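Me: Could you take a close look at one part of this model for me? I'd like a connected walk-through rather than a list.

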Amino acid sequence: MPNSDWKLVNTGKKESYELEHWLEKKEYSTSGENFKKLTKTIETKIKEDHSEKVIQWSELDSALENHPSWFSDLAPMVHKK
């Protein structure tokens, strides 16, 4: 049975809006630098160098909850007054 698209996040640059949405939801800046850092964390820590270009939302949320240090170098969202 195939996975539903709504459970998966494409980590490719063409679909950067998907990870940018996650960054925004978790109150991180959606800057290009944060996107690069997040994709590197996904590739090296969560997916452990597997070549897959997708991750489940739940995997990403679980990694943040269980390993917050992996995300500590992400810049926070700047709220405008």
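Me: Which residue forms a salt bridge with Lys-26, and how far apart are the closest N and O atoms? Please carry on from there into the surroundings.

Reply: Sure. Bear in mind that this is a predicted model, where local features need pLDDT of at least 70, side-chain atom pairs count only at pLDDT 80 or more, and totals for chains, interfaces and linings use all residues. Numbering runs from 1 along each chain as its sequence is written, and side-chain values use heavy atoms, with hydrogens and water left out.

The partner is Asp-61, with the closest N and O atoms 3.5 Å apart. That fits the rule for a salt bridge, a side-chain nitrogen of Lys or Arg within 4 Å of a carboxyl oxygen of Asp or Glu. The pair ties together distant parts of the chain: Lys-26 sits in the loop between helix 1 and helix 2, Asp-61 sits in helix 3 (residues 57–66), and 35 residues separate them. Helices here are DSSP runs of H or I with at least four residues, strands are runs of E with at least two, and both are numbered from the N terminus. Lys-26 is partly exposed at 31% relative accessible area, and Asp-61 is partly exposed too, at 25%. For those labels, buried means under 20%, exposed means over 50%, and partly exposed is in between, using a 1.4 Å probe and protein chains only.

By the same rule the count comes to 2 salt bridges. Glu-59 pairs with Lys-47, the closest N and O atoms being 3.4 Å apart. This one also links distant parts of the chain, with Glu-59 in helix 3 and Lys-47 in the loop between helix 2 and strand 2 (54–56), 12 residues apart. Glu-59 is partly exposed at 27%, whereas Lys-47 is buried at 10%.

Back to the loop between helix 1 and helix 2, where Glu-27 is found. Phi of Glu-27 is near 65 degrees, a positive value in a residue other than glycine. As background, most residues other than glycine have a negative phi.

Now the two helices that this loop joins. The axes of helix 1 (residues 16–25) and helix 2 (residues 32–46) come within 10 Å and cross at roughly 95 degrees; the axes are lines fitted to C-alpha atoms over the stretch in contact, with angles from 0 to 180 degrees between N-to-C directions. That makes the two helices roughly perpendicular, a label covering 65 to 115 degrees, with under 35 roughly parallel, over 145 roughly antiparallel and the rest oblique. On the helix 1 side, Ser-16, Leu-19, Trp-22 and Leu-23 meet Asn-34, Phe-35, Leu-38, Thr-39 and Ile-42 of helix 2, where contact means heavy atoms within 4.5 Å.

Trp-22 turns up again in an aromatic cluster with Tyr-28 and Phe-71. Rings of Phe, Tyr and Trp (its six-membered ring) pair if their centres lie within 6.5 Å, and planes under 30 degrees apart count as stacked, over 60 as edge-to-face and the rest as tilted. Trp-22 and Tyr-28 have ring centres 6.3 Å apart and planes at 20 degrees, so they are stacked. Trp-22 and Phe-71 have centres 5.8 Å apart and planes at 45 degrees, so that pair is tilted. The tilted pair connects helix 1 to the segment after helix 3, its residues 49 apart. Trp-22 is buried at 0%, and Phe-71 is buried at 1%.
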